Amino acid sequence: MFDAGRVPSHDPLVIDWHPHSGVATITFPYDATLHHADSAGNNGVIENQGLQWMASGKGIWHKESYRATLPDKKIGIMQLWLMLDPEEEIGPVNYFNLQPEQIPQVVEHGSITRVLLGEYRGTKSAKKIKHNATYLDVNLKAGDSWSFKAPLKQVRGFVYPRTGSIKISNRKINSQQLALLNEDTHELKITALQDSQFVVALTEPWPHKIIQHYGQIHTSESALKTGKTHIQKSKQALIKVLATDNNGAPA
């Protein structure tokens with residue numbers, strides 16, 4: 001799942017407490033900061049164009065809010081979900097933040113490629129994940145081209161320009177349009193028609209079943225049941241913590 005777009009910035013965008021299990025959510029705020037807290041004790045602020053990884057395992061509750069970095073800009077959000085394999089989906093939460101300065105980048109003529117996850121031209125991401133996946137954030141000047149040969153088996157993916165417009169195989173992709181890629185091993189080549197910022201996401205096709213219940217997505221009914229049970233238990237604990245906190249005592 002990939003969700004992206006902009007919202008008005010006159011107020012913070014608040015997404016209150018809600019649960020996930022069985023998936024990793026990868027959140028990229030732009031022209032905004034992301035403020036996070038969860039039931040596993042993780043919290044903090046991810047600065048503009050940083051990255052948040054939250055592999056929910058057998059279950060987590062979290063809340064998030066977004067605040068514009070400039071008064072005349074809309075809040076920008078990109079959130080990618082990746083399924084967790086049968087071992088990870090009933091395991092513990094795996095969480096990390098990357099601030100913008102922690103994200104490795106490759107500077108070439110006319111382009112800057114930031115390696116969010118995976119690898120690009122020998123430069124690896126700051127954090128290693130179990131998935132066979134690549135997630136790149138590219139800044140490309142008008143008239144210049146950018147190319148990438150996907151790693152082995154990573155034949156499924158998309159390109160999403162958040163600013164500018166680009167061309168892929170003579171097809172124009174405008175800002176905030178999603179371009180689904182053919183599932184093949186051909187080199188990906190992108191030309192910027194305007195100064196553009198876009199993400200490229202690639203992974204190998206998912207080999208397991210997909211069993212969904214709202215924000216809980218698993219590979220089997222038994223794993224989903226485990227997630228539901230854990231989320232219900234952690235909800236009761238979270239309610240107690242929030243009640244204590246609201247009464248003025250330290251949580």
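Two strands are taken to pair if DSSP finds at least two bridges between them. Strands themselves are DSSP runs (E, at least two residues), numbered from the N terminus. The model described here is predicted, with local features needing pLDDT of at least 70 and side-chain atom pairs counting only at pLDDT 80 or more, while totals for chains, interfaces and linings use all residues. Residues are numbered from 1 along each chain as its sequence is written, and side-chain values use heavy atoms, with hydrogens and water left out.

With these terms in hand, a good place to start is the open sheet of four antiparallel strands in the order β15-β20-β17-β18. Its edges are β15 (145-148) and β18 (171-173), each of which pairs on one side only. Neighbouring strands here are turned by 25° against each other on average, direction ignored; such angles are taken between axes, lines fitted to C-alpha atoms, and run from 0 to 180 degrees between N-to-C directions. Within the sheet, two bridges connect β17 (residues 166-168) with the antiparallel β20 (residues 188-192), and Lys167 faces Thr191 of β20.

Another open sheet of four strands follows the order β2-β7-β4-β5, again with antiparallel pairing. At its edges lie β2 and β5 (43-46), each pairing on one side only, and the twist averages 15° from one strand to the next. Strand β7 (residues 60-68) is joined to β2 (residues 13-20) by six bridges. Across this pairing, Leu13 has Tyr66 as its bridge partner, and Pro19 stands opposite Trp61. Seven bridges tie β7 to β4 (residues 32-38), where Thr33 stands opposite Arg67.

Turning to the aromatic side chains, the structure contains eight aromatic pairs. Rings of Phe, Tyr and Trp (its six-membered ring) pair if their centres lie within 6.5 Å; planes under 30 degrees apart count as stacked, over 60 as edge-to-face and the rest as tilted. Trp53 and Phe96 are stacked because their ring centres are 5.9 Å apart and their planes meet at 5°. This pair links distant parts of the chain, with Trp53 in β6 (residues 51-55) and Phe96 in β9 (residues 94-98), 43 residues apart. Both Trp53 and Phe96 are buried, meaning under 20% relative accessible area with a 1.4 Å probe and protein chains only.

Trp146 and Phe198, by contrast, have centres 5.9 Å apart and planes at 80°, so this pair is edge-to-face. Trp146 in β15 and Phe198 in β21 (residues 196-203) are 52 residues apart. Trp146 is buried at 2% relative accessible area, and Phe198 is buried at 0%. Together with Tyr120 and Phe148, Trp146 and Phe198 form one aromatic cluster.

Key: Buried < 20%, exposed > 50% of the residue type's maximum accessible area, 1.4 Å probe, protein only.
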